[in-house]
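Here are my notes on the model that you asked me to look through. They are set out as numbered points, beginning with the surface around one of the DNA strands.

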Amino acid sequence: MKIDFKEKVFEAVKKIPRGRTLNYKQVAKLADRPRAYRAVGNILRSNYDPTIPCHRVIRSDGKIGGYNRGIELKAKLLKQEQSLNKE
DNA sequence: CGTATGACGTGCA
DNA sequence: GTGCACGCCATAC
């Protein structure tokens, strides 16, 4: 089965452990397209799934960026998971 | 098939 | 340190 770039992105994002945030560039690299970080954000925006912790994907600047379900929700989730991971 | 868009990143002033 | 512009890739229309 040949998986598309977005499928690869989804897998990479799903592999992100809680408390761990990756920037779009990293996800794109894991998807074999280190230059497609643009498409990564675009794909996540057009294809949100409850099984994909896309909220763990942030910008390289450390900024959250955006979130289909609400930017504030993403910020809250990140803070929550980071707090859990920190113990 | 071609154009436009975008949750980005880096460089330069 | 902040702001503006360019470049890159995939998706949607």
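1. In this predicted model, the residues around DNA strand C are Phe5, Arg33, Arg35, Ala36, Tyr37, Arg38, Ala39, Asn42 and Ile43, where a residue counts as near a strand if one of its heavy atoms lies within 4 Å of it. By class, this surface divides into 5 nonpolar, 1 polar and 3 charged residues; here Ala, Val, Leu, Ile, Met, Phe, Trp, Tyr, Cys and Pro count as nonpolar, Asp, Glu, Lys and Arg as charged, and the others, Gly among them, as polar. Helix α3 (residues 37–46) contributes the largest share, 5 residues.

2. On conventions, residues are numbered from 1 along each chain as its sequence is written, while chains are lettered from A and ligands numbered from 1 in the order in which they are written. Because the model is predicted, local features need pLDDT of at least 70 and side-chain atom pairs count only at pLDDT 80 or more, whereas totals for chains, interfaces and linings use all residues, and side-chain values use heavy atoms, with hydrogens and water left out.

3. Which parts of DNA strand C do the polar contacts reach? A polar contact is a pair of N or O atoms within 3.5 Å (within protein, one must be able to donate a hydrogen and the other to accept it, and residues adjacent in sequence count only if both atoms are side-chain atoms). An N or O atom in the side chain of Arg33 is 3.3 Å from a phosphate oxygen of the strand, whereas a polar side-chain atom of Arg38 lies 2.3 Å from a base oxygen. A polar backbone atom of Ala39 is 3.5 Å from a base oxygen of strand C. Of the atoms of this strand within 4 Å of the protein, 55% belong to sugar or phosphate and the rest to bases.

4. DNA strand B is surrounded by 17 residues, of which the closest are Tyr24, Lys25, Arg38, Asn42 and Ser60. Base nitrogens of strand B are paired with a polar backbone atom of Gly41 at 3.4 Å, with a backbone N or O atom of Gly66 at 3.1 Å, and with an N or O atom in the side chain of Asn68 at 3.3 Å. The elements that give two or more residues to this surface are α2 and α3, and α3 gives the most, with 7 residues.

5. The largest pocket holds about 400 Å³ of space. Of the 17 residues that line it, the closest to its centre are Tyr24, Tyr37, Arg38, Gly41 and Arg59. A pocket is defined on a 1 Å grid over the protein atoms alone, as an open set of points where a 1.4 Å probe fits, with protein on both sides within 12 Å along at least five of seven lines, and lining residues have an atom within 4 Å of a point. The volume is the space filled by probe spheres set on the points, which are joined across faces, edges and corners. The lining draws its largest share, 5 residues, from α3.

6. Chain A has 4 helices and 2 strands (DSSP runs of H or I, at least four residues, and of E, at least two, numbered from the N terminus). From the N terminus on, these elements run α-β-α-α-β-α. The C-alpha trace of chain A spans about 40 × 25 × 20 Å along its principal axes.
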